[in-house]
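Biologist: I should like to learn how to read the packing features of a protein model. Please take them one at a time, with the general idea before the particular case.

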Amino acid sequence: MTTTRLRRGKRSLAAILAAMLMASVLAVVAGSPAQAANTSFEVLGVDTNNDGVNDARAFAGQDRYDTALRLAKNFAVSKGGLGAVPAAFVASGETLVDSISVAGLAGYVDAPILLTRGSSLHGGVADFIEDYGVSTVYVLGGSAAVGDAVVTSIEGLQSKPTVTRIAGHDRYATAAAIANMIGSESSWCGSNAVGAVLINGATEAMPFGVAVQTIAYRLQLPVLMTTTGELPDATAEYITANDVEHVQIIGGTATVSAEVASALTTLGVDTVGRVDGDSAAAVSVALAQMAGNGCGDALGLVSTDRVALVRGNPDGVVGAPVLASSLAGGYLVPPLVVSDSLPASVRDYLAATPKTIGTNKLNLGIVAIGGTAAVSEATMSAALEAAASSGTLSVQIGAATDTNLDGVANASDPVRPQNVAAASGSDPATPYFTLYFSDDVDFADTAALLGELRDIVQVNGVPAVVNAVTRSTAGGTCDNRRINVTLGQALKAGDTISIAASGHKLGTNTDERTIAPASATVMAPAPDRARPTATVLGIAMAASGVTNHDADGFAVTFSDAGGFPAMDANSLDADDFTFVRASGQTTGAIAANGVTHGAVTAGAKSFTATVTIDRNLAVGDRLVVKPGIVSDRALPLANTNAGTSGSAIKAQASPRITSVLMSNLRHSAQNTWSVPSALVGGATSGHEITITAKASGDAAGAAGNGWTMVFDRASNHNPAKPLDIDVRVDTKGQRVTVRFVNGPATATLGDLLAALKANADFDARFSAGFTTCTTGRGTTALGLVTTADARNSVAAASSLGRTQFAIEVRFNAYVDTVTDTELLADILAAAARRAGTTNDASGIRAAPAGADGTPAAGGLDLASPTAPTGPVTLVRYEATTALTKNLPMARDLVDTKAGHTGAAAITGPPAYPAISAVAAVATGYADDAVTGADNTGAQDKVDEDKNGASQNRIRVSSSVKVR
């Protein structure tokens with residue numbers, strides 16, 4: 001590759017003076033505003049349930065490679081999407097240091113940075129290069145960082161990109177080589193002096209480089225590297241050869257020493273500036289302040305309402321292209337470096353953001369680069385708390401029930417069209433929608449609350465007819481964050497429900513706050529335009545060695561996701577089908593009364609009709625299904641099936657399992673805990689507080705049944721000291737301990753709820769509220785505070801947590817019947833071993849679920865919703881479990897043994913391979929250790945009508961849905 005460089009001009013006196021001025025000005029940190037932003041929120045970028053609302057982080061990759069890919073795709077979309085990224089950089093995800101030094105060149109080329117393993121090309125990187133039209137790939141570092149095999153793999157891609165390696169003999173020389181690729185002169189923050197950035201190249205100092213990457217990208221500045229106490233030769237040679245006039249050192253003297261700064265002057269550098277700070281977090285704060293002040297003109301567009309939290313290593317190393325260009329529509333988003341917690345310098349910076357920008361109140365959006373392993377929920381919560389000065393309540397408008405069928409009723413559920421209930425002038429019986437608030441709302445005066453909501457709730461910009469407001473009692477508690485709103489008017493698709501701006505305060509007690517405006521659109525369910533489908537299957541002959549079969553019929557399966565209307569048995573007849581004989585066959589027709597099927601229940605998703613032919617099927621015989629013979633339940637106009645056909649095939653022998661797919665977990669019911677009665681002083685109605693697991697996180701669903709809640713009073717409790725309630729969450733031991741360290745007898749249940757909610761780890765997993773919604777519960781005294789012997793009181797658990805999932809088993813050939821017990825024993829064997837239990841009704845495998853969906857024997861119910869009657873290639877099982885540790889997992893090995901006939905002889909076998917029913921104990925689907933009438937000996941071969949051995953690992957797939 002030939003690189004064209006612009007000729008460096010002779011330095012002018014004006015440029016030198018300007019550089020000196022900038023060096024002195026930028027060493028001073030600008031003064032901080034007096035107060036934080038008005039409000040703050042976490043910027044989310046992924047809609048996980050397709051309801052139009054982002055509910056997950058955009059850059060929360062599974063690992064550093066996935067995070068880099070998500071960032072690169074965001075960058076690519078801003079450039080026009082597929083085929084719109086001509087160049088990209090590929091660096092090692094194991095050493096990472098080269099991705100730091102490429103920031104300036106990436107800005108010059110306008111390209112994203114991807115990470116790969118050093119020994120092999122990451123599959124996602126290969127896909128990105130192909131999908132986004134990358135024609136030039138720059139590989140960073142020598143073969144020790146990114147191996148030659150990676151280069152070969154890139155060159156071998158179908159799009160045949162040009163690959164250029166940029167490398168030096170070490171990281172310092174590589175950084176210099178990268179800098180030499182920048183084909184124009186750059187300056188630091190408008191100094192008009194040829195500039196460069198100097199960072200410590202040690203691995204442990206990488207967060208300092210992350211802090212300056214975004215600015216280096218925007219200014220297209222070379223990023224050079226040094227050791228703490230000595231300037232490397234490669235760096236010195238670059239500075240001399242390129243006549244660098246100004247060097248900006250990143251970090252304090254403990255990171256880049258004064259001796260290195262002196263060496264720069266000795267080399268002829270006119271001015272040396274330093275962004276001081278004893279930590280990468282402090283340096284990132286100083287740079288963020290510069291971006292909005294002294295460096296703002298040079299950087300151009302700098303966001304005033306967005307900041308990013310980045311981990312210095314590894315997730316933050318490739319964020320510069322996105323933060324400098326694509327995240328906020330071309331505005332630079334300042335990165336703030338965090339660690340396991342929120343650094344004090346970052347907290348102070350967020351707390352000093354202005355409350356208003358011009359005449360608009362600032363709602364500061366905070367973006368996390370990486371998942372919770374990089375930027376934890378606790379760190380994000382601390383940042384959001386520090387950034388907001390106002391107690392303004394935010395609110396989302398959603399349905400009161402689970403309308404998007406994701407298993408949880410929350411703000412993501414769209415409000416559906418509804419009519420007013422006709423009940424002789426009374427209010428509608430059910431709420432029309434729910435207001436989901438960010439914090440508690442005061443219910444002390446329900447009449448006053450109703451009046452306030454009547455002032456601010458609107459439909460299509462007009463005050464709504466609000467008949468009633470009630471507190472949600474989901475999970476058996478009074479949820480003061482959810483208000484169910486009952487309207488006296490209908491809601492139609494397309495109507496807009498809104499909360500108007502007002503001076504009303506809907507907070508609690510002395511913490512009352514105004515409510516932020518919000519809106520939502522009433523959404524009708526997506527219209528059903530999909531036609532019912534029909535599949536035709538006919539088996540022409542048995543497998544080799546199988547005789548006495550009678551294969552004379554086609555199985556026609558009709559399917560529709562929206563369900564069929566009720567149909568009488570045998571509603572279809574011969575006129576609905578056409579039989580076409582195979583070539584060479586002279587006889588054959590649909591038999592008299594040859595079309596049969598059972599009665600179809602309204603809403604059934606599928607049914608099968610048998611079309612009998614008056615002779616055995618031959619290979620190539622074809623059955624035509626005429627169009628329009630079945631209809632679905634779509635409104636206002638039903639859809640009918642299209643015409644289709646299928647030909648008889650030859651039977652296949654010894655089917656094997658090709659895949660075992662599992663759905664994502666759906667936590668359909670949550671565990672609850674009743675606070676010990678000893679805690680509730682003066683109460684007359686039993687437990688007063690209920691704790692409920694939230695529907696996401698590590699206490700959701702069945703997992704919540706393993707958690708313990710313990711309430712305790714310290715032995716040295718001092719009632720004369722201020723109230724101190726210590727809440728601890730042990731995620732490993734699944735235990736929450738609430739200890740009353742100190743406090744007076746006047747402490748209340750309301751104080752306890754406030755302490756629980758204030759603990760970020762608790763609040764992320766659990767909600768707590770009063771069991772009964774009677775006014776004044778918050779002022780009830782805490783009995784445990786005054787009870788000296790109240791130690792280690794364990795909250796009573798309901799053990800109601802339930803988790804649902806589905807498993808689909810696919811065979812490589814048609815099977816007639818499936819013995820569920822043996823098949824599930826194979827599938828669940830790994831889970832049974834992990835749990836140290838048996839694979840039977842008392843352990844994992846249980847009797848079918850009861851009417852309420854709970855396992856009849858307390859174990860895992862994994863039952864087929866419809867018994868397969870064959871011929872089928874797919875068997876589905878649905879599960880509901882209250883167990884906490886016995887769930888199957890991705891990568892579990894399913895080791896399927898070969899089947900056998902067992903004790904019963906087979907007479908007249910079917911015309912296609914089948915997995916027969918269990919004939920004796922320990923015989924059947926998955927056992928090849930017995931044979932013959934006495935169940936002894938070993939099976940020598942797989943019978944043609946039994947399954948063959950196979951090994952598969954369970955894979956989680958989005959194509960498998962929980963029903």
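Modeller: Strands of a sheet pair through backbone hydrogen bonds, either parallel or antiparallel. Here, an open sheet with antiparallel pairing contains four strands in the order E38-E34-E33-E40. Two strands are taken as paired if DSSP finds at least two bridges between them. The names come from DSSP runs numbered from the N terminus, helices being H or I runs of at least four residues and strands E runs of at least two.

Biologist: On what kind of model and numbering does this reading rest?

Modeller: This is a predicted model, in which local features need pLDDT of at least 70 and side-chain atom pairs count only at pLDDT 80 or more, while totals for chains, interfaces and linings use all residues. Residues are numbered from 1 along each chain as its sequence is written, and side-chain values use heavy atoms, with hydrogens and water left out.

Biologist: Which strands are the edge strands of that sheet?

Modeller: Strand E38 (766-770) and strand E40 (796-797) are the edges, each pairing on one side only. Strand E33 (residues 672-674) is joined to strand E34 (residues 689-693) by three bridges in the antiparallel sense. Within this pair, Trp 673 has Ile 691 of E34 as its bridge partner.

Biologist: Which helix lies across E34 and E38?

Modeller: Helix H17 (residues 749-758) does, and its direction is at about 170° to E38. Axes are lines fitted to C-alpha atoms, for helices over the stretch in contact, and angles run from 0 to 180 degrees between N-to-C directions.

Biologist: What is the strand order in the sheet that includes E15?

Modeller: The order is E15-E16-E20-E19, an open sheet of four strands with antiparallel pairing. Its edge strands, each paired on one side only, are strand E15 (395-398) and strand E19 (466-472). From one strand to the next, the twist averages 25°. E15 and strand E16 (residues 433-437) run antiparallel and are joined by four bridges; Gln 396 stands opposite Tyr 436 in E16. Helix H16 (residues 446-456) lies across E16, E19 and strand E20 (479-487), at about 120° to E19.

Biologist: How are two packed helices described?

Modeller: Two packed helices are described by the angle between their axes and the distance between the axes. Helix H7 (residues 171-179) packs with helix H9 (residues 233-241) at about 20°, their axes being 7 Å apart. H7 and H9 are therefore roughly parallel; angles under 35 degrees count as roughly parallel, over 145 as roughly antiparallel, 65 to 115 as roughly perpendicular and the rest as oblique. Tyr 172, Ala 173, Ala 176 and Ala 179 of H7 make the contact with Ala 234, Thr 235 and Tyr 238 of H9, where contact means heavy atoms within 4.5 Å. The residues of this contact are six nonpolar, one polar and no charged. In this scheme Ala, Val, Leu, Ile, Met, Phe, Trp, Tyr, Cys and Pro count as nonpolar, Asp, Glu, Lys and Arg as charged, and the others, Gly among them, as polar.

Biologist: Is the crossing of H8 and H11 left-handed or right-handed?

Modeller: The crossing of H8 and H11 is right-handed. A crossing is right-handed if the near helix is turned clockwise from the far one by less than a right angle, and left-handed if anticlockwise. The axes of helix H8 (residues 206-219) and helix H11 (residues 280-292) come within 8 Å and cross at roughly 15°.

Biologist: What is a disulfide, and which cysteines does one join here?

Modeller: A disulfide is a covalent bond between the sulfur atoms of two cysteines. The criterion is a pair of cysteine sulfur atoms within 2.5 Å, and by this rule the count is one disulfide. Cys 189 is joined to Cys 295, with an S to S distance of 1.9 Å. The torsion about their S-S bond is about -90°, so the disulfide is left-handed.
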